[in-house]
Amino acid sequence: MDVLVSADAKSAAGRILQLLEGEASAEAWRAEARKRLAEGPAHHAGTTETADGRLDPRSLAIALDAGLPERRTVVQDGGHFLGWVPMYWHIPRPQDLVMVGTAFQTIGLGLASAVSAARAVEDGRTLVLASGDGGFLMGLSDLESLIGAARSAVVVIYNDAAYGA
């Protein structure tokens with residue numbers, strides 16, 4: 001931390017939101033995203049297959065990113081897989097990534113959160129849920145609600161078959 005800001009939380013948050021909503025800040029975000037994408041991922045791209053014969057989640061994440069719609073809002077559950085989405089998927093805007101599992105170190109909140117996010121997704125955007133096998137199973141009862149709430153959705157389930165978190 002380089003700068004300490006002492007302010008009323010509500011007024012400071014309101015002012016920060018005003019600054020972030022301007023076209024200049026949106027263009028700055030896009031310019032930074034374009035720069036990082038041009039540089040390529042700073043992470044290892046993975047292999048086509050791991051020693052145990054399963055897919056390498058790094059190379060899978062790269063392949064999924066290429067196939068997902070450009071205009072997307074991503075909801076990510078928690079679990080063993082949680083690093084692959086933010087490291088390897090292109091997230092168009094900061095508000096297009098909802099990481100529910102990491103905040104509470106939990107699994108099983110992805111589907112329920114995706115239902116809420118589906119209601120908030122702007123027209124023309126696809127909701128993408130990334131969940132693990134265990135977390136998805138825990139929230140399975142919310143799948144029907146997601147189907148009813150989302151105009152367009154893709155569900156990605158990372159299956160390590162071990163409740164690997």
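**Close-ups of a helix start and a four-strand sheet**

**View 1. The start of helix α1 has Asp-8 beside it.** Here a side-chain oxygen of Asp-8 comes to within 3.3 Å of the backbone nitrogen of Lys-10. The model is predicted, so to speak of local features we need pLDDT of at least 70, and side-chain atom pairs count only at pLDDT 80 or more, while totals for chains, interfaces and linings use all residues. Residues are numbered from 1 along each chain as its sequence is written, and side-chain values use heavy atoms, with hydrogens and water left out. Helix α1 covers residues 9-21 (helices are DSSP runs of H or I, at least four residues; strands are E, at least two; both numbered from the N terminus). At 1.5 Å a residue its 13 residues should span 18 Å (1.5 Å times one less than the number of residues), and the end C-alpha atoms are indeed 18 Å apart.

**View 2. Four strands make an open sheet.** The order is β2-β1-β3-β4, with parallel pairing (at least two DSSP bridges between two strands). β2 and β4 (153-158) sit at the edges with a single partner strand each, so one side of each lacks a neighbour in the sheet.

**View 3. Strand β1 is covered on both faces.** All five of its five residues, 72-76, are buried (under 20% relative accessible area, 1.4 Å probe, protein chains only). Arg-72, Val-74 and Gln-76 lie on one side, Thr-73 and Val-75 on the other. Five bridges tie β1 to β3 (residues 126-132); Arg-72 stands opposite Thr-126, and Val-75 pairs with Leu-129.

Methods: Buried means under 20% relative accessible area, exposed over 50%, partly exposed in between (1.4 Å probe, protein chains only). A polar contact is a pair of N or O atoms within 3.5 Å; within protein, one must be able to donate a hydrogen and the other to accept it, and residues adjacent in sequence count only if both atoms are side-chain atoms.
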